[in-house]
Amino acid sequence: MTMALIEVEGLRKDFTVTRKTGVLRRARAVVHAVDGLTFSVERGEIVGYIGPNGAGKSTTVKMLTGILVPTAGRISVGGLVPTDRRTELARRIGVLFGQRVQLWWDLPLIESFELLRHMYRVGADRYRENLATFRELLELDPFLGTPVRQLSLGQRVRGELTAAMLHDPEILFLDEPTIGLDIVAKQRVREFLLRANREHGVTVLLTTHDLADIERLARRILIIDHGRLIYDGELEALKRRFGPRRVLVVDLVEPAPPLRVDGGEVVRTDGPRQWIAFDGDRITAAALIAAVTAVAAVRDLTLEEPEIESVVREIYAGRARPEAGPIRGS
Ligand SMILES: Nc1ncnc2c1ncn2[C@@H]1O[C@H](COP(=O)(O)OP(=O)(O)OP(=O)(O)O)[C@@H](O)[C@H]1O
Ligand SMILES: [Mg+2]
């Protein structure tokens, strides 16, 4: 059997926390931050790792990158056990925690890069080439000479991303890489990651609260909650499974009473525009469009697809949760 690039089996992490319960009293409690995770990631995949606040995402990334020792379970990243082989692993992975500062606080950004270059023994040509690419793609030039402490969140995150990639890692672990970025910068980071994946085959595990990141980048997602996997599969399959009904929006030549078509139900009208909801499993969009055009003169049609936002909102709220075990999408 061949091994996947990242393998996680029965992974757990407990934290013991003490809480103040009175003037002199403290109670100890155990938090099961990661509670029995099993999954694997193949080389070249971009996997979205999502879940509500406190679900255990960052804790997982910390274990995968060797920062935290698991309470139980097995991890293999590129054939290495992260906590046993941290140095070796560091040469092969890139890590970004958007919420934490990893760069040297008092150094200008460019000096951080120089230091990393020496730490990772990146060749001079390679370094020059990579830095030039990142400067352009992430628009670093205006603040390359600025101490990290003076950077805005979005500037710092772009710097951190560069730092994570200067040594051409095979695997990127990105924990909220678009946090604090404006729309244009987000777009640039996404393009940048797609390019790294497409052109260099970089494998990416990506945590984010911005589902547009996921839509743009990941075909496959893992959803965790309370430290457990609740979905492992394709984004599209998730949408099909839990997505609200699809809606056909019809612009009629003239305003009309709600159309009556088999398989569809008019849920809203506004002048000549009508919204027809339908169940994609029962009738195809094509069949519905044919039925509509048979009974009315149509000027324009658009199809509203289920939105990932609403699907995920339902899942986080527990309304679309499978009763037992993770759902595996196809
Ligand atoms: N060092 C720690 N000591 C004690 N508890 C911790 C520690 N780190 C994390 N936790 C707890 O473990 C749980 C998972 O935290 P984690 O940071 O992994 O969540 P997350 O999914 O990354 O959330 P977010 O989306 O808010 O970043 C939370 O209940 C958190 O309070
Ligand atoms: Mg986190």
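**Entry 1: V249**

I started with V249, which sits in strand β10. The model is a predicted one, and I kept that in mind throughout. Is V249 buried or exposed? I counted 15 other C-beta atoms within 10 Å of V249, and since buried takes 20 or more and exposed 12 or fewer, V249 comes out as partly exposed.

Next I asked which residues V249 is in contact with, beyond its neighbours within four places in sequence. I found R273, W275, T302 and E304. I also looked up the pair V249 and L301: their C-alpha atoms are 5.7 Å apart in space, with their positions 52 residues apart in sequence.

**Entry 2: the sheet around β10**

From V249 I moved out to the sheet. Four strands make it up, in the order β11-β12-β10-β13, and I noted that the sheet is open and its pairing antiparallel. Why do β11 and β13 each have a side without a neighbour in the sheet? Both β11 (264-270) and β13 (298-304) stand at the edges and have a single partner strand each, so one side of each is left free of a neighbour in the sheet. I noted an average twist of 25° from one strand to the next.

I then took a pair from this sheet. β11 pairs with strand β12 (residues 273-278) through six bridges, in the antiparallel sense. Within that pairing, I found I276 of β12 opposite V266.

What lies across these strands? I found helix α9 (residues 285-295) lying across β10 (246-252), β11, β12 and β13. Against β10, helix α9 runs at about 30°.

**Entry 3: β1 and its partners**

I went to the other end of the chain next. Strand β1 (residues 6-20) and strand β2 (residues 26-41) run antiparallel and are joined by 13 bridges. A hairpin of five residues connects β1 to β2. I picked out two facing pairs here: T16 is opposite V30 in β2, and R12 is opposite D35 in β2.

β1 also pairs with strand β4 (residues 72-77), again in the antiparallel sense, over five bridges. Which residue of β4 is the bridge partner of I6? I read off V77.

**Entry 4: around ligand 1**

I listed the shell around ligand 1 and got F15, V17, V31, A33, G51, N53, G54, A55, G56, K57, S58 and T59. Which elements give two or more residues to this shell? They are β1, β2 and α1 (57-64). α1 supplies the largest share, three residues. By type, I sorted the shell around ligand 1 into five nonpolar residues, six polar and one charged.

**Entry 5: the whole chain**

I finished by stepping back. The protein chain is divided into domain 1 (6-239) and domain 2 (245-305). How many Å separate the centres of domain 1 and domain 2? Taken over C-alpha atoms, I have 44 Å.

For secondary structure, I noted 10 helices and 14 strands in the protein chain. Its C-alpha atoms fill a box of roughly 70 × 55 × 50 Å along the principal axes. Of the 330 residues in the protein chain, 34% are buried. Last, I looked at contacts with a separation of 6 or more: 69% of these in the protein chain are between residues 24 or more positions apart.

Methods: Residues are numbered from 1 along each chain as its sequence is written. Chains are lettered from A and ligands numbered from 1 in the order in which they are written. This is a predicted model: local features need pLDDT of at least 70, side-chain atom pairs count only at pLDDT 80 or more; totals for chains, interfaces and linings use all residues. Two strands pair if DSSP finds at least two bridges between them. Domain bounds come from an automatic or database domain assignment. A residue is near a molecule or strand if its C-beta atom, placed from the backbone, lies within 6 Å of it. Ala, Val, Leu, Ile, Met, Phe, Trp, Tyr, Cys and Pro count as nonpolar, Asp, Glu, Lys and Arg as charged, and the others, Gly among them, as polar. Axes are lines fitted to C-alpha atoms, for helices over the stretch in contact, and angles run from 0 to 180 degrees between N-to-C directions. Two residues are in contact if their C-beta atoms, placed from the backbone, lie within 7 Å.
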